[in-house]
Amino acid sequence: MSDTMHIVLDDTAMAAAGQGNILASRLIHRAHVETGWFLYAPACALVEADRARPGTAEHLASLPGITVLDLDLSAVLAVARQKTWAAAHSLHAAQPTPDRPDGAVVATTDPGRWSGETVRVLDLT
(Lines give C-alpha, C1' and ligand atoms only; values in the text may rest on other atoms or scores of the structure.)
Protein backbone atom coordinates (compact mmCIF):
# COMPACT_ATOMS: atom_id res chain seq x y z
CA MET A 1 0.00 0.00 0.00
CA SER A 2 1.32 3.39 -0.98
CA ASP A 3 1.05 6.59 1.03
CA THR A 4 0.75 8.55 -2.19
CA MET A 5 -2.44 10.58 -2.58
CA HIS A 6 -3.59 12.05 -5.91
CA ILE A 7 -6.50 14.48 -5.77
CA VAL A 8 -8.19 16.32 -8.62
CA LEU A 9 -9.95 19.54 -7.65
CA ASP A 10 -13.15 20.06 -9.59
CA ASP A 11 -14.42 23.58 -10.29
CA THR A 12 -16.61 23.61 -7.15
CA ALA A 13 -13.65 22.67 -4.94
CA MET A 14 -11.49 25.37 -6.53
CA ALA A 15 -14.15 28.04 -6.03
CA ALA A 16 -14.63 26.84 -2.44
CA ALA A 17 -10.90 27.16 -1.79
CA GLY A 18 -11.10 30.76 -2.93
CA GLN A 19 -13.95 31.34 -0.49
CA GLY A 20 -11.99 29.98 2.46
CA ASN A 21 -13.36 26.42 2.64
CA ILE A 22 -11.31 24.89 5.46
CA LEU A 23 -11.22 21.38 3.95
CA ALA A 24 -10.01 22.67 0.58
CA SER A 25 -7.41 24.80 2.35
CA ARG A 26 -6.16 21.77 4.28
CA LEU A 27 -5.76 19.79 1.05
CA ILE A 28 -3.75 22.61 -0.49
CA HIS A 29 -1.58 22.86 2.61
CA ARG A 30 -0.91 19.10 2.71
CA ALA A 31 0.02 19.02 -0.98
CA HIS A 32 2.49 21.82 -0.33
CA VAL A 33 4.19 20.36 2.75
CA GLU A 34 3.82 16.57 2.60
CA THR A 35 5.67 14.21 0.34
CA GLY A 36 3.34 12.00 -1.68
CA TRP A 37 0.37 14.40 -1.74
CA PHE A 38 -0.49 15.74 -5.20
CA LEU A 39 -3.27 18.15 -6.17
CA TYR A 40 -4.34 18.69 -9.76
CA ALA A 41 -6.35 21.50 -11.30
CA PRO A 42 -7.70 20.54 -14.73
CA ALA A 43 -7.55 23.62 -16.99
CA CYS A 44 -11.22 23.44 -18.02
CA ALA A 45 -12.35 23.23 -14.39
CA LEU A 46 -10.02 26.10 -13.52
CA VAL A 47 -11.76 28.27 -16.13
CA GLU A 48 -15.19 27.49 -14.63
CA ALA A 49 -13.95 28.14 -11.10
CA ASP A 50 -12.60 31.51 -12.22
CA ARG A 51 -15.93 32.37 -13.84
CA ALA A 52 -17.70 31.55 -10.57
CA ARG A 53 -15.15 33.41 -8.47
CA PRO A 54 -12.89 35.78 -10.44
CA GLY A 55 -9.24 35.56 -9.45
CA THR A 56 -9.42 31.89 -8.51
CA ALA A 57 -7.42 30.67 -11.52
CA GLU A 58 -4.53 33.04 -11.00
CA HIS A 59 -4.42 32.34 -7.27
CA LEU A 60 -4.53 28.53 -7.54
CA ALA A 61 -2.08 28.42 -10.45
CA SER A 62 0.44 30.35 -8.33
CA LEU A 63 0.39 27.82 -5.48
CA PRO A 64 3.36 25.44 -5.49
CA GLY A 65 1.33 22.42 -4.34
CA ILE A 66 -1.05 22.45 -7.30
CA THR A 67 -0.33 21.13 -10.79
CA VAL A 68 -2.44 22.63 -13.57
CA LEU A 69 -3.34 19.93 -16.10
CA ASP A 70 -3.34 21.05 -19.72
CA LEU A 71 -5.99 20.11 -22.20
CA ASP A 72 -4.01 17.56 -24.20
CA LEU A 73 -5.39 15.41 -27.03
CA SER A 74 -6.71 12.62 -24.82
CA ALA A 75 -8.44 15.20 -22.59
CA VAL A 76 -9.94 16.90 -25.66
CA LEU A 77 -11.41 13.61 -26.82
CA ALA A 78 -12.86 12.97 -23.33
CA VAL A 79 -14.29 16.50 -23.08
CA ALA A 80 -15.94 16.19 -26.49
CA ARG A 81 -18.07 13.30 -25.20
CA GLN A 82 -19.38 14.98 -22.03
CA LYS A 83 -21.95 17.62 -21.16
CA THR A 84 -19.68 20.18 -19.44
CA TRP A 85 -16.01 20.82 -20.04
CA ALA A 86 -15.18 21.31 -16.36
CA ALA A 87 -16.68 18.03 -15.18
CA ALA A 88 -15.36 16.14 -18.20
CA HIS A 89 -11.79 17.35 -17.73
CA SER A 90 -11.94 16.58 -14.00
CA LEU A 91 -13.29 13.09 -14.68
CA HIS A 92 -10.62 12.49 -17.32
CA ALA A 93 -7.89 13.70 -14.95
CA ALA A 94 -9.05 11.26 -12.25
CA GLN A 95 -8.72 8.20 -14.49
CA PRO A 96 -5.72 5.88 -14.07
CA THR A 97 -2.52 6.83 -15.87
CA PRO A 98 1.02 5.42 -15.77
CA ASP A 99 1.86 8.07 -13.13
CA ARG A 100 -1.37 7.40 -11.20
CA PRO A 101 -2.16 3.69 -11.70
CA ASP A 102 -5.02 3.83 -9.17
CA GLY A 103 -6.36 7.07 -10.60
CA ALA A 104 -7.15 10.05 -8.42
CA VAL A 105 -9.88 11.14 -6.05
CA VAL A 106 -12.09 14.06 -7.14
CA ALA A 107 -12.48 16.72 -4.45
CA THR A 108 -15.81 18.54 -4.75
CA THR A 109 -18.45 20.50 -2.89
CA ASP A 110 -21.11 18.92 -5.12
CA PRO A 111 -20.73 15.15 -4.64
CA GLY A 112 -24.07 14.45 -6.34
CA ARG A 113 -22.55 15.64 -9.60
CA TRP A 114 -20.36 12.52 -9.62
CA SER A 115 -23.17 10.05 -8.94
CA GLY A 116 -22.99 7.21 -11.45
CA GLU A 117 -19.45 8.07 -12.55
CA THR A 118 -16.54 5.69 -12.09
CA VAL A 119 -14.60 7.98 -9.80
CA ARG A 120 -13.82 8.20 -6.09
CA VAL A 121 -15.13 11.38 -4.47
CA LEU A 122 -13.92 13.47 -1.54
CA ASP A 123 -16.78 15.62 -0.21
CA LEU A 124 -15.55 19.06 0.91
CA THR A 125 -18.89 20.21 2.33
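The following paragraphs describe the central sheet of a predicted model, together with selected residues and helices around that sheet.

The sheet is a natural place to begin. Five strands form an open sheet in the order β3-β2-β1-β4-β5, and their pairing is parallel. The edges are occupied by β3 (66-69) and β5 (120-123); each has a single partner strand, so one side of each is left without a neighbour in the sheet. From one strand to the next, the twist averages 35 degrees.

Strand β2 spans residues 37-42 and pairs with β3 in the parallel sense, over 4 bridges. Two residue pairs illustrate this pairing: Tyr40 has Thr67 of β3 as its bridge partner, while Pro42 is matched with Leu69 of β3. Strand β2 also pairs with β1, again in the parallel sense and over 4 bridges. Here, Met5 has Trp37 in β2 as its bridge partner. How much of β2 is covered? The strand is mostly covered, with 5 of its 6 residues buried.

Helix α2 adds a further layer to this picture. The helix lies across β1 (5-9), β2, β3, β4 (105-108) and β5. Relative to β2, α2 runs at about 120 degrees.

Just before this helix comes Asn21, a residue of the loop between α1 (11-18) and α2 (22-33). With a relative accessible area of 18%, Asn21 is buried, because the cut-off for burial is under 20%. A polar atom of the Asn21 side chain lies 2.9 Å from the backbone nitrogen of Ala24. Once neighbours within four places in sequence are set aside, Asn21 is in contact with Ala16, Thr109 and Leu124.

Attention now turns to helix α6, which covers residues 85-94 and is mostly covered itself, 8 of its 10 residues being buried. Among the buried residues of α6 are Ala86, Ala87, Ala88, Ser90 and Leu91. His89 also lies in this helix, and its relative accessibility of 1% makes His89 count as buried, because that value falls under 20%.

The surroundings of His89 can be described in some detail. Its side chain reaches the backbone nitrogen of Cys44 at 3.2 Å. The side chain of His89 also reaches the backbone oxygen of Asp70, at 3.4 Å. Leaving out residues up to four places away in sequence, His89 touches Pro42, Ala43, Cys44, Leu69, Asp70, Leu71, Ala75 and Val79. Two of these contacts lead back to the sheet, as Pro42 and Leu69, both touched by His89, are bridge partners.

Aromatic residues complete the account. How many aromatic pairs does a search of the whole structure find? The search finds 0 such pairs. A ring does take part in another kind of arrangement, however: the charged end of Arg100 sits over the ring of Tyr40, 4.6 Å from the centre of that ring. Tyr40 thus appears in two settings, beneath the charged end of Arg100 and as the bridge partner of Thr67 in β3.

Note on methods: Residues are numbered from 1 along each chain as its sequence is written. This is a predicted model: local features need pLDDT of at least 70, side-chain atom pairs count only at pLDDT 80 or more; totals for chains, interfaces and linings use all residues. Side-chain values use heavy atoms; hydrogens and water are left out. Rings of Phe, Tyr and Trp (its six-membered ring) pair if their centres lie within 6.5 Å; planes under 30 degrees apart count as stacked, over 60 as edge-to-face and the rest as tilted. A charge sits over a ring if NZ of Lys or CZ of Arg is within 6 Å of the ring centre and within 35 degrees of the ring normal. Buried means under 20% relative accessible area, exposed over 50%, partly exposed in between (1.4 Å probe, protein chains only). A polar contact is a pair of N or O atoms within 3.5 Å; within protein, one must be able to donate a hydrogen and the other to accept it, and residues adjacent in sequence count only if both atoms are side-chain atoms. Contact means heavy atoms within 4.5 Å. Two strands pair if DSSP finds at least two bridges between them. Axes are lines fitted to C-alpha atoms, for helices over the stretch in contact, and angles run from 0 to 180 degrees between N-to-C directions.
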